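Please open the structure in a viewer that allows selection by residue number. The tour proceeds by successive selections.

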Amino acid sequence: MLRLLLFLASIVLAAQYAAGLVTPSLASAPRDGITAAGALVQAFGAHDDRLVFQGTPQYKKLNGDYLSTFNSELEPVLIFLPSTSADVAKFVKCVQPLVGLGLVYIAVRGGGQQPTPACNNVAQGVTVDLRNMAGITVNPTANSVTLEVEAGVRWGTVYQILQPLGLGLGVAGGRSNTNGVGGLVLSGGLSFFSSRDGFITDNVISFEVVLASGQVVTADPWTNADLYKAMRGGGNNFGIMTKVTMRTFQQGSLYGGSGFYPPQSFPSQVDAIVSELNSPTTSETHLMVSVAYSKRFEAFGGTVGLNQVYYTAPTAEPPQILEPFTDVQPQFDVLNSMRNMTLIDAANELTTPNTNDQRVAYMNLHVKMGSATLKSASDIYLAALYRFSLRKTSNNDGNGLGLGPSNGPIMSVLLVAWWDNPGDDGLVLGTGKSILEQIRSEASARGTLIPFIYMDYAFNDQDVIGSYGSGNKKFLQTVSKSGIF
Ligand SMILES: Cc1cc2nc3c(=O)[nH]c(=O)nc-3n(C[C@H](O)[C@H](O)[C@H](O)COP(=O)(O)OP(=O)(O)OC[C@H]3O[C@@H](n4cnc5c(N)ncnc54)[C@H](O)[C@@H]3O)c2cc1C
């Protein structure tokens, strides 16, 4: 399936090259994972179950557990499976000298859901797989409830913990149950509540992070405030995040779902979303409008319009504000899933598990809101439109993304491609890049191009950190001075 979305997004390479602070090519990556593995064996012992070596069934299982084969095809010498922040600290102290000398690369993996090649795994290096750091603590205080979530948790587990508590609690997290917590809180992160609550990272109260020194520190608005700011959008360039504390909010049911329709109606959907964004009547909507090519729709020409729209306040009736998107006619009624739903249901509907047999590529850019650019993007290919709020980006001295309220509202243009034959890589990626370039030129000519690239939806030749602006890049480089990250 090939889908073009207009959306806020980005890409990250393996841990140390993620933010363009260090940008080696994959071909020149150092190959001394074996020495690093030796150092880890000395530190932890040869039979320690935190060390998983190539050639074992467990390694095969773990290394196959990525969203995209672009990442599971990479083979680290060893996978490190920490259970505590002390494990992570010991690991970092052990590999730091080798990484610092540029002899080996490490990668950090949360949920493995980011498709960017080499962002979460590394050939012949060492990959830290955080899945065993799975603790969640709910902390009620007099006025609010906060959540402490360890770095290996996926958002679906967070929603499962909140729902049975019967407290009517929500949290700004991933829109898919299988998305990892780590990737999203560090990249910015888009949630069902982004129009109302900003990026996922704008809802972070504090981080626990292991620095290059092996020191475990807290980063919040009062302690290591620069680190706190940089981590909220700067990705994996500052350390290994081991725990995040999030704010929660009162949240009842949501109304929304998916609706499919013939692509002829797509231009009217562009007009509808632009109109809603230009004169927002509520911050409770979350709107994604796409046009996609999929084999599933071959009988109808293969191209289909797809609206994934949500109203995030409880409502007894289908909300009027969604009608331009839910009532589009004609549509494939049998596929319409609009309904009242819980946060888990909503995230379940958008869940894509790691299957180890799919090749996935995301690429993105951003434009100012306006029908002309967006329609020309959809004319160029398949498009989806998405809305989010920048109001919260200035909270707590802003985040590391370099975006502020004065930039908004903007649209993210996201190209998503899923395919299974490696022989098609050149064709699919070449076509995707060419489409994105055409949209970029078109938007640039209209004066509607925004430099920002979103980390989670970028391909690995996109300069994410550079797109945050030179001042912000310099700030992130200063905070990331620690050596190995
Ligand atoms: C079906 C689907 C739905 C999606 N929905 C959304 C969505 O709703 N909103 C959105 O914004 N994106 C979404 N994405 C994109 C995806 O959620 C992001 O790419 C996210 O980064 C994945 O998180 P993860 O922990 O699984 O990341 P991984 O793939 O494990 O890692 C992503 C990056 O984060 C780094 N990282 C992860 N954990 C840590 C840590 N603890 N410390 C340091 N670095 C770390 C990794 O090194 C890597 O560079 C979706 C993707 C898919 C496939």
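The stops below lead from the whole chain to a sheet, a helix, the ligand and a single loop residue.

**The whole chain**

Begin with the entire protein chain, bearing in mind that this is a predicted model. The chain holds 14 helices and 20 strands. Of its 485 residues, 53% count as buried. Among contacts with a separation of 6 or more, 77% are between residues 24 or more positions apart.

**The five-stranded sheet**

Next, select strands E6, E7, E11, E9 and E10, which in that order form an open sheet with antiparallel pairing. Which strands stand at the edges? They are E6 (136-140) and E10 (216-219); each has a single partner strand, so one side of each is left without a neighbour in the sheet. Direction ignored, neighbouring strands of this sheet are turned by 15° against each other on average.

Now move across the sheet, starting from E6. A hairpin of four connecting residues leads from E6 to E7, and five bridges join these two antiparallel strands. Show Asn 139 and its bridge partner in E7, Thr 146. Keep Thr 146 displayed and add Arg 247, which is the bridge partner of Thr 146 in E11. The E7 and E11 strands run antiparallel and are likewise joined by five bridges.

At the other edge, select E9 (residues 204-210) together with E10; they pair in the antiparallel sense over four bridges. Here Val 210 stands opposite Val 216 in E10.

**Helix H5**

Return to E6 and add helix H5 (residues 155-162), which lies across E6 and strand E7 (145-150). The helix runs at about 40° to E6. Colour Trp 155, Gly 156, Val 158, Tyr 159 and Leu 162, the residues of H5 that are buried. They lie on the same side of H5, because they cover an arc of only 160° around the axis. In an α-helix, residues three or four places apart point the same way, because there are 3.6 residues a turn.

What covers these buried residues? The cover includes E6 and E7, as well as strand E8 (169-170), H6 and helix H11 (343-349).

**The ligand and its shell**

Helix H6, part of the cover of H5, leads to the next selection. Display the ligand with the 35 residues that surround it. The closest are Gly 110, Gly 111, Gly 180, Gly 182 and Gly 183.

Which element gives the most to this shell? Helix H6 does, with five residues. Strand E4 (106-109), helix H6 (181-187) and strand E11 (240-247) each supply at least two residues. Strand E11 is thus a link back to the sheet, where E11 stands between E7 and E9 in the order. Colouring the shell by residue class gives 15 nonpolar, 17 polar and three charged residues.

**Asp 220**

For the last stop, follow the chain beyond E10 into the loop that leads to helix H8 (225-234), and select Asp 220 there. Is Asp 220 buried or exposed? It is partly exposed, because 16 other C-beta atoms lie within 10 Å, whereas a buried residue would need 20 or more.

Add the contacts of Asp 220: leaving aside residues up to four places away in sequence, Asp 220 touches Ile 205, Ser 206 and Tyr 228. Finally, set a distance label between the C-alpha atoms of Asp 220 and Glu 208, which are separated by 8.9 Å. These two residues are twelve residues apart along the chain.

Technical notes:
Residues numbered from 1 in each chain as written. Predicted model: local features only at pLDDT ≥ 70, side-chain atom pairs only at ≥ 80, totals over all residues. Pairing = 2+ DSSP bridges. Axes fitted to C-alpha atoms, helices over the stretch in contact; angles between N-to-C directions. Contact = placed C-beta atoms within 7 Å. Near = placed C-beta within 6 Å. Nonpolar A, V, L, I, M, F, W, Y, C, P; charged D, E, K, R; others polar. Buried ≥ 20, exposed ≤ 12 C-beta atoms within 10 Å, placed from the backbone. Arc of directions from axis to C-beta.
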